[in-house]
Protein chains: 2
Amino acid sequence: MPGVMELLPLDQIAFQNMLDTVRRNFERFGFLPIETPAIEFSNILLTKSGGETERQVYFVQSTGSLKQGDEPELALRFDLTVPLARYVAEHEQQLTFPFRRYQMQRVYRGESAQRGRYREFYQCDIDVIGKDQLSVRFDAELPAVIYSIFRELEIGPFCIQINNRKLIRGFFQSLGIADGERQMLVLREVDKLDKRGEQKVRDTLRGEGFALEPAVVDAILAFVGTRSQGHEDALRRLDAIAVDNELAAAGVAELREVLGLVRALGVPETHYALNFSIARGLDYYTGTVYETTLNLHPEIGSICSGGRYEDLASQYTRSRLPGVGISIGATRLFWQLQQAGLAARGRSHVQVLVALMDEANLPLYLELGTQLRLAGINTEVQLETRKLARQFQYADRAGIRFVAVLGSDEIAKGTVAVKDMRRQEQFEVKREDLIKTLRVEIQQGEVMDALSGQAAP
Amino acid sequence: MPGVMELLPLDQIAFQNMLDTVRRNFERFGFLPIETPAIEFSNILLTKSGGETERQVYFVQSTGSLKQGDEPELALRFDLTVPLARYVAEHEQQLTFPFRRYQMQRVYRGESAQRGRYREFYQCDIDVIGKDQLSVRFDAELPAVIYSIFRELEIGPFCIQINNRKLIRGFFQSLGIADGERQMLVLREVDKLDKRGEQKVRDTLRGEGFALEPAVVDAILAFVGTRSQGHEDALRRLDAIAVDNELAAAGVAELREVLGLVRALGVPETHYALNFSIARGLDYYTGTVYETTLNLHPEIGSICSGGRYEDLASQYTRSRLPGVGISIGATRLFWQLQQAGLAARGRSHVQVLVALMDEANLPLYLELGTQLRLAGINTEVQLETRKLARQFQYADRAGIRFVAVLGSDEIAKGTVAVKDMRRQEQFEVKREDLIKTLRVEIQQGEVMDALSGQAAP
C-alpha cells in the first residue's frame with residue numbers, strides 16, 4: 001500500500017532499536033506507558049474544530065453497518081493527544097497526578113501519498129498532566145528528555161529550540177495586534193518563515209489581508225529573527241526585550257526559569273537555544289513551545305516538537321488539566337535518517353547457527369541449540385541437509401555471526417569448531433567452554449558495534 | 001469503546017512485560033521481526049473465501065471517499081497470516097529462505113461485544129516459510145518455542161497437544177469417508193467435542209446430515225479420544241494405529257519424527273502429548289497441528305495454536321511456500337490470566353524519587369536526578385512544593401520504591417538519606433556511594449521479585 005513504511009527484517013531491527021532507545025529514555029525520566037485503541041468513536045476524535053484534521057480522518061465501518069448505509073460511528077486516531085485526553089478523563093479517578101505518561105503507537109491520516117508522507121506512522125509521545133495546576137518547571141524537564149534520547153541515538157549535533165507563546169502574544173499586543181484571531185493569523189504567517197522566505201512573509205503582512213505598517217512588520221521580523229547562542233546570550237536576549245506588556249513579561253519570566261533548569265538538568269548549552277520564530281501551528285499551545293533540529297540537516301525540519309497547553313480535556317471532563325508534552329514522529333524520522341545516511345543498519349538478532357553435519361547427530365545439534373538458548377544466546381539450528389559451504393553462506397547472508405560446527409572429529413575430541421563469519425576465521429574450543437567463549441565474543445562484538453555506531457540487538 | 005482492552009499504567013507494564021518475554025523467546029529461537037501496516041487493500045485481505053471473516057472485517061474510508069460513496073478500498077487486517085502472505089510475496093526476492101519471522105501487532109475484528117471477546121487485540125505470531133519445501137523438522141521446533149515462552153511466563157503447568165491432519169484425513173478415508181468436504185464437516189463436528197460433549201456430537205454424526213453407522217461413529221470417537229501420557233506412551237499409541245491407509249501412515253511417520261525431535265529439543269515429556277481430537281477449525285492446515293492448554297485451567301481453552309500448511313501465498317505468487325506457524329492471542333490471554341489470578345502485577349518502572357526539600361536547592365536535586373539517570377536508574381525529581389510526608393505518600397501510591405532525601409543536614413554531611421518505601425525503612429549513605437548502593441538494592445529487589453513471581457521491569 002502506498003503511504004506506509006514496510007521494512008525488511010534487518011531494517012525492522014534497526015527501527016525497533018530506535019524505538020527501544022526512545023522507550024528506555026522515557027522510562028529513565030519516570031514516564032509510565034499506556035496504550036489506547038487505534039479505533040475510537042468518531043464523535044470523540046472529532047470534537048476539535050480541526051478543518052484539515054477532519055478531512056484526513058479515516059472512518060471505520062464493519063461490513064454490517066456498511067450495508068445499512070450508516071454514518072461511520074468509528075474512526076482511526078490521527079494523533080495520540082486526543083486519545084490521551086479521553087483516557088485521562090475516563091480514568092481520572094484511578095490516576096496519580098501529575099500524570100507522567102508515554103505512548104508509542106501508530107496513528108492514521110488519510111494524506112495524499114507522497115515521498116516521506118505517511119498514512120500510518122508511529123508517534124512517540126510524552127506528556128505530564130497536572131490537576132488544576134502544573135509548575136512551569138516541568139517545561140524544563142522535557143528538553144532534558146529530548147537531549148537524552150537524541151544523544152543516545154547518535155544522529156549528529158542537534159539543537160532544542162525554545163520559545164514561549166505568552167511572550168509572542170504579549171509582543172503582538174504591544175504592537176497593537178490585540179485580537180486573538182488576528183494574532184493567530186500573523187503567527188501562522190510567521191510560522192511559514194522557513195518555508196516561504198522573509199520577503200514573501202513581509203509582503204503578505206503588509207498586503208491587503210493584514211495591512212500592517214512597515215515599522216510594525218520590521219519589529220515583527222526583527223523579533224522572530226532572534227536566535228541565541230549559548231546560555232548567557234539567551235539570558236541577555238531575554239533582558240533586552242523592551243516590551244511593556246504583562247503577558248510578554250510572564251513569558252520572559254517562564255523562559256528564564258526554563259532555561260535555568262534546563263542547564264541544571266545537565267543539557268549542554270550547545271544543545272538548546274531561544275528561537276522566537278517557533279510558534280507551532282497548533283492553536284492549543286499556551287506557554288513554552290519546542291522544536292528540535294539537526295544542525296547538519298536543517299532540511300529535515302523539526303524531529304521532536306511540543307509545548308505547554310492550558311487544558312487537555314475540557315471536552316471530556318470539568319477538571320482543569322494543564323499539561324506539557326512532546327512528540328517524535330518515529331516513522332518519518334527513521335525514513336529521514338535513512339535518506340540522510342544517518343540510520344544505523346540493524347544486525348540480525350541471531351547470534352549462532354548450529355551447523356547440520358551428520359543427519360544421525362541431529363538430536364545432538366538440537367541439544368546444543370537448547371543449551372545455547374538457555375544461556376541467553378539467540379540460536380538457530382540448521383534443520384535441512386545442505387553442504388557446509390552453503391550453511392556458511394546462509395549464515396553470512398542472514399547476518400548470523402557464528403556457526404558452531406560439530407563434526408565427527410570434534411565429537412571425538414569433545415570440542416566444537418566455531419566459524420566467525422565477520423572476521424572470517426575459525427577457532428576450536430572445548431564443549432564445556434563454548435558458552436563462556438561465545439558470551440565473551442558476543443559482548444566484545446557489541447562493544448565494537450557501539451563504538452562504530454552500528455546498531456546491535 | 002467496548003470490545004477493547006485499555007489498561008492503567010501498572011497493568012500496562014505487566015502486559016508489556018508479557019509481550020517482552022514472548023519477543024525475547026522468539027528472538028532466542030532465531031526469528032526476525034517484521035511489521036506490516038494495519039490498513040491493507042480490501043481485495044488483498046479478502047481473497048480467502050472466509051464467510052465469517054468477511055462479515056467481521058472493518059472497512060476503512062477517508063472522508064473524501066466517504067462523500068463520493070465509493071466502495072471501501074481499504075480494510076483493517078483481521079489476522080497476521082494474510083499480511084504475512086502478502087509480505088512474503090511482495091519481498092520474496094529480498095528474503096532468505098527458510099524465512100523465520102515473528103510479528104507482534106494488533107489485529108481488528110468487528111465482533112459483537114462480549115466479555116473477553118476483543119475487536120482490537122494483539123497477536124504474536126511466528127512462522128517458518130520454506131521455498132518449494134520445508135522439512136517436517138521445523139514442526140518440532142515450534143513446541144520448543146511454546147515451552148520456552150510459557151515456562152518463562154510462570155503461569156502454571158501446561159501441555160502442548162499435538163496432532164496431524166494427514167493422520168486424521170487418512171483415518172477418515174479408511175472408514176469410507178473419502179470426500180474432502182464431508183471429512184471437513186465431520187472434523188468440524190469433532191472439533192466441538194469439548195464444547196458440546198460426546199453425546200451431542202455422537203447424535204449429530206448418526207443423525208440426518210451425516211448418517212454414519214454406529215460402528216463408524218464408535219471408531220471416530222475412540223480415535224479422537226486418544227490422549228498420550230508421556231513420551232513412550234505417545235509412541236505406543238502411534239504403533240497401535242491399525243489403519244491401512246497411506247495418508248494416515250504418512251501422518252503417523254510425521255508425528256513420530258516430531259515427537260522425537262521435540263524430546264531432543266529438551267521439552268519435558270510432561271509438557272507435550274498426542275491429542276487426536278485437535279483438528280483446528282481453519283481449513284488450510286495440512287500436517288502437524290498444535291494447541292496449548294493450562295492443566296489447571298482447561299476452561300481457558302488453547303492459549304497458543306497453529307500448524308503446518310501447504311502453501312502460504314498461492315493468491316499472490318507462483319512460488320510454492322509451505323510453512324508452519326503458531327499464534328498467541330496476547331490480549332485475550334492477558335485478560336484470561338487476570339481473571340484466573342495468574343497475571344503478574346506490574347511494578348512501576350520508576351525506581352527513585354528525588355525529594356524536593358528546599359526550593360533553593362532545586363538545581364541540586366535536578367543534578368542528582370541526572371546523575372542517577374546517567375547511571376541507568378529510572379528517576380523522577382519532585383518538582384512541585386509539597387510536605388515531605390506527601391512526597392512519601394506519592395511515591396508509595398505510584399509504586400516508586402526509593403525516595404532520595406537531600407536536606408540541609410545531609411548536604412552539610414555530604415550524604416543522602418534514602419527511604420525504602422517497600423521495607424518502610426530509611427538509611428543514609430555517602431553521596432559518592434549512592435549509585436552503587438541503589439544498584440545493589442534494585443538488583444536484589446529484582447531477584448526477590450523473580451522469586452516471588454512478581455513482574456519487575
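Helix α6(A) is mostly covered, with 15 of its 17 residues buried. The model is predicted. The helix runs over residues 137-153 of chain A. At 1.5 Å a residue it should span 24 Å, and its end C-alpha atoms lie 26 Å apart, which agrees. Just past α6(A) comes Glu154(A), with a positive phi of about 50°.

Strand β16(A) reads the other way. This strand, residues 425-430, is hardly covered: 0 of its 6 residues are buried. Its partner is β15(A), residues 415-420. The two run antiparallel, joined by 6 bridges. One of the pairings sets Ala417(A) against Glu428(A) in β16(A). Together, β15(A) and β16(A) make a hairpin with 4 residues between the strands. In that turn, Gln424(A) has a positive phi of about 55°.

The burial counts for the helix and the strand are set out below.

| Element | Residues | Buried residues |
|---|---|---|
| α6(A) | 17 residues | 15 residues |
| β16(A) | 6 residues | 0 residues |

Now the two chains. How large a turn lays chain B on chain A? A turn of 180°, with a shift of 0.0 Å along the axis, does so at an RMSD of 0.1 Å. The two copies are therefore related as by a two-fold rotation axis. In chain B, Val60(B) has the C-alpha nearest that axis, at 2.4 Å.

The contact surface follows. Of the interface residues of chain B, 100% are also interface residues in chain A, so the copies meet through the same surface.

Definitions and conventions: Residues numbered from 1 in each chain as written. Chains lettered and ligands numbered in written order. Predicted model: local features only at pLDDT ≥ 70, side-chain atom pairs only at ≥ 80, totals over all residues. Buried ≥ 20, exposed ≤ 12 C-beta atoms within 10 Å, placed from the backbone. Pairing = 2+ DSSP bridges. Least-squares fit on C-alpha atoms with pLDDT ≥ 70 in both. Contact = placed C-beta atoms within 7 Å. Expected span 1.5 Å × (residues − 1).
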